[in-house]
Amino acid sequence: MRPMFFIVFLLLVLSALGYVLWHVWCVLPMAKPLKWLVVLLMAAALVSMFFFLGGKLDTMPLNMASVMYEVSTSSIIILLYLVIIFFLMDVGRCCRLLPPTLFHESWATTLSVVAILTALLVGGNIKYRNKVRVPLTLTTDKPIGREYKMVMGSDLHIGYHNRRAELARWIDLINAEKPDLILVAGDIIDMSMRPIMEEKMAEEFRRLNAPVYACLGNHEYYSRVPAARRFYADAGIHLLVDEAVVADSVITIVGRDDRTNPARKPLDKVVGSAPDSTYTIVLDHQPYELERAEQARVDFQLSGHTHRGQVWPISWITDAVYECSFGPWQKGNTHYYISSGLGIWGGKYRIGTQSEYVVATLSPKKVLEKEL
């Protein structure tokens with residue numbers, strides 16, 4: 001299935017590239033040598049993405065690899081928006097809403113397209129860097145005794161693009177909340193362990209002032225699970241792989257193996273050992289089969305993975321694929337939160353989506369009713 005998906009993706013990307021480069025060639029008001037230079041640079045930036053997906057970044061100096069990562073992954077977003085822009089222009093031409101002069105060696109078209117792309121990318125980068133604090137209120141009839149504050153997140157994707165300085169900023173945001181627990185629903189690691197180890201990022205996680213619990217994501221499998229396990233142990237992160245632990249005697253935290261592993265245990269088998277009197281939280285990276293948590297009488301599930309597409313209109317696709325691709329959800333007595341992620345894969349742009357962390361307050365219902 002994966003090879004077929006890759007082939008289809010490659011064909012779509014190459015078709016889109018051909019469509020865009022033809023329009024760029026026609027629109028640019030430059031001499032042929034300069035046109036060739038622009039077209040070749042655009043093609044090289046996109047092709048370099050497949051170069052880094054093949055693991056070649058690990059052979060380059062760290063700073064150069066980071067630049068290569070940013071350029072190559074940003075190129076796919078630029079390609080997406082150029083396809084949209086040129087498609088709308090073609091529709092306008094077919095409907096005779098736009099004059100033919102805009103499609104041939106036009107400075108007006110060239111500058112307009114550059115301005116639109118610049119606005120999208122700059123705005124998207126600013127939105128990515130400004131993390132959204134999402135408050136979430138949870139209540140329970142179970143005897144938890146007191147109020148608990150939990151910072152929740154997913155999809156940090158630390159590595160070549162989210163480097164140690166960026167991670168340090170996130171750690172400061174989390175510590176400022178003074179939480180009782182920190183929960184991460186997978187994909188802490190991006191693609192490679194190399195930048196994480198070279199920059200000693202485990203030291204940043206050890207600055208967290210509350211216990212950290214996490215589950216595996218699909219990217220931990222890309223970076224190799226044994227290496228991820230060693231890193232989490234060094235970072236002081238409690239990695240739960242089809243395991244359940246009881247925190248402070250009243251909250252059971254269940255971490256599922258990622259569905260990348262077809263041999264992972266059924267959820268009800270993992271939850272089965274949890275005391276009925278505890279509030280049960282499941283960390284499951286990919287938000288598929290949400291009814292499983294309801295059937296297992298789980299109180300709350302935290303998931304991530306979708307990023308909600310990262311940029312529009314990919315968010316429309318994730319909304320169509322998943323029962324819930326973002327935000328709070330409920331099935332029966334089970335509550336869910338699907339996070340769009342604190343970090344990001346690829347280019348650092350959020351267009352129509354947000355980078356976020358959740359600050360959840362879990363309260364006994366009787367205490368909450370008394371306050372009201």
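Guide: First, a yardstick: buried means under 20% relative accessible area, exposed over 50%, and partly exposed anything in between (1.4 Å probe, protein chains only). This is a predicted model, so local features need pLDDT of at least 70 and side-chain atom pairs count only at pLDDT 80 or more, while totals for chains, interfaces and linings use all residues. Residues are numbered from 1 along each chain as its sequence is written, and side-chain values use heavy atoms, with hydrogens and water left out.

Visitor: Is Trp36 buried, partly exposed or exposed?
Guide: Trp36 sits in helix α2 and its ring partner Trp25 in helix α1 (residues 2-27), so the pair ties together parts eleven residues apart in sequence. Helices here are DSSP runs of H or I with at least four residues, and strands are runs of E with at least two, numbered from the N terminus. With a relative accessible area of 48%, Trp36 comes out as partly exposed.

Visitor: What kind of aromatic pair do Trp25 and Trp36 form?
Guide: Rings of Phe, Tyr and Trp (its six-membered ring) pair if their centres lie within 6.5 Å; planes under 30 degrees apart are stacked, over 60 edge-to-face, and the rest tilted. For Trp25 and Trp36 the centres are 5.0 Å apart and the planes at 65 degrees, which makes the pair edge-to-face.

Visitor: And which kind is the pair of Tyr288 and Tyr322?
Guide: Tyr288 is partly exposed at 28%, whereas Tyr322 is buried at 11%. Their rings are 5.1 Å apart, centre to centre, with 50 degrees between the planes, so by the cut-offs for rings the pair is tilted.

Visitor: Which backbone oxygen does the side chain of Ser48 reach?
Guide: Ser48 lies in helix α2 (residues 32-53) and counts as buried at 9% relative accessibility. Leaving aside neighbours within four places in sequence, Ser48 is in contact (heavy atoms within 4.5 Å) with Met68 and Ser72. At 2.5 Å, its side chain reaches the backbone oxygen of Ala45.

Visitor: Which strands stand at the edges of the open six-stranded sheet?
Guide: Two strands pair if DSSP finds at least two bridges between them. The order is β1-β12-β2-β3-β4-β5, with mixed pairing. Two strands have a single partner each, so one side of each is left without a neighbour in the sheet: β1 (132-140) and β5 (237-239).

Visitor: What is the bridge partner of Leu183 in β4?
Guide: Strand β3 (residues 181-184) runs parallel to β4 (residues 212-214), over three bridges. Leu183 has as its bridge partner in β4 Tyr213.

Definitions and conventions:
A polar contact is a pair of N or O atoms within 3.5 Å; within protein, one must be able to donate a hydrogen and the other to accept it, and residues adjacent in sequence count only if both atoms are side-chain atoms.
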